[in-house]
Amino acid sequence: MWKVLGKDCLYIDIAKAWTERILELSVNYEKADEFKELMEGSEVFHLFDATLETHNFMIEVPKDYTPEQIQTMADVILSIAKDNIDTPFVEIEGKYQKSNVIISNEDEPELIGSSRSDGYGSGKIFLPILTSLTQPGRMNESMLD
């Protein structure tokens, strides 16, 4: 059984359990009401990197959140992590699991579709490299010997 901040859960419910526990634990902090509001407007995803054996909690915040609001979220989460050092974000069978928290309000460029960014779906991104390789340049004097 998986445990997220001390709460038993199934693997598929890790993001939900983490969000619930973070909100429960945040009530003891100065900006708890603001943090709760910010978290409720965000979406939390959980990704497990099996290669690095690391759990990643990705908090996708709306674009209209200010840097100060994002910093508030980070401060509260960091305080919770520090104050609950004996209760890892994720553990399985009593073993600590490494984890990261990523807060982002960046949209990925659309790779497929009518509004995709130039260069991502075409060779345009490589044109400066290819141009530099095919242009005549200064002779490499060390190759003359």
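This report describes the fold, the sheet, the salt bridges and selected surface and buried residues of one protein chain, taken from a predicted model.

## Overall architecture

The protein contains four helices and six strands, and along the sequence these elements follow the pattern β-β-α-α-β-β-α-β-β-α. Of the 145 residues in the protein, 28% are buried. When contacts between residues at least 6 apart in sequence are considered, 57% of them join residues that are at least 24 apart. The protein exposes about 10400 Å², and carbon and sulfur atoms supply 53% of that area.

## The sheet and the helix across it

The six strands form an open sheet in the order β2-β1-β5-β6-β4-β3, and the pairing within this sheet is mixed. Strands β2 (7-9) and β3 (43-49) stand at the edges; each has a single partner strand, and therefore one side of each is left without a neighbour in the sheet. Neighbouring strands of the sheet are turned against each other by 30° on average, with direction ignored.

At one of these edges, β3 pairs with β4 (residues 54-60) in the antiparallel sense, over seven bridges. Within this pairing, Leu47 stands opposite Asn56 in β4. The hairpin of β3 and β4 has four residues between the strands, and Glu53 takes a positive phi near 50° in this hairpin.

Helix α3 (residues 67-83) lies across β4 and β6 (95-104), and the helix runs at about 170° to β6.

## Salt bridges

How many salt bridges does a search of the whole structure find? The search finds three, and they are listed below with the distance between the nitrogen and oxygen atoms and with the location of each pair.

| Pair | N to O distance | Location |
|---|---|---|
| Lys7 and Glu20 | 2.5 Å | strand β2 and helix α1 (residues 14-26) |
| Arg21 and Glu24 | 2.7 Å | helix α1 |
| Lys36 and Glu40 | 4.0 Å | helix α2 (residues 32-40) |

The bridge between Lys7 and Glu20 joins their side chains, and this pair links distant parts of the chain, with the two residues 13 apart, Lys7 in strand β2 and Glu20 in helix α1. Lys7 is partly exposed, with a relative accessible area of 29%, and Glu20, at 30% relative accessibility, likewise counts as partly exposed.

The other two bridges each stay within one helix. Glu24 and Arg21 both lie in helix α1, three residues apart, which is about one turn of the helix. Is each of these partners buried or exposed? Arg21 counts as buried because its relative accessible area is 18%, where buried means under 20%, whereas Glu24 is partly exposed at 42% relative accessibility.

Lys36 and Glu40 both lie in helix α2, four residues apart, again about one turn of the helix. Lys36 is partly exposed, with a relative accessible area of 43%, while Glu40 counts as exposed because its relative accessibility is 54%, the limit for exposed being over 50%.

## A nonpolar patch and a buried threonine

On the surface, Met1, Leu10, Tyr11, Ile12 and Phe48 make a nonpolar patch of about 550 Å². Met1, one of these residues, lies in the segment before β1 (2-4), and Met1 is exposed, with a relative accessible area of 57%. Phe48, also part of the patch, falls within the residue range 43-49 of the edge strand β3.

Thr19 has its place in helix α1, the helix that also holds Glu20 as well as Arg21 and Glu24. Thr19 counts as buried because its relative accessibility is 17%. Which residues does Thr19 touch, not counting residues up to four places away in sequence? They are Met39 and Val44. Of these, Met39 falls within the range 32-40 of helix α2, and Val44 within the range 43-49 of strand β3.

Terms used. Residues numbered from 1 in each chain as written. Predicted model: local features only at pLDDT ≥ 70, side-chain atom pairs only at ≥ 80, totals over all residues. Heavy atoms only, no water. Buried < 20%, exposed > 50% of the residue type's maximum accessible area, 1.4 Å probe, protein only. Contact = heavy atoms within 4.5 Å. Areas by Shrake-Rupley, 256 points an atom, 1.4 Å probe, with all protein chains shown as cover. Patch = residues over 30% accessible without salt bridge, like charges linked within 9 Å, V, L, I, M, F, W, Y side chains within 5 Å. Pairing = 2+ DSSP bridges. Axes fitted to C-alpha atoms, helices over the stretch in contact; angles between N-to-C directions.
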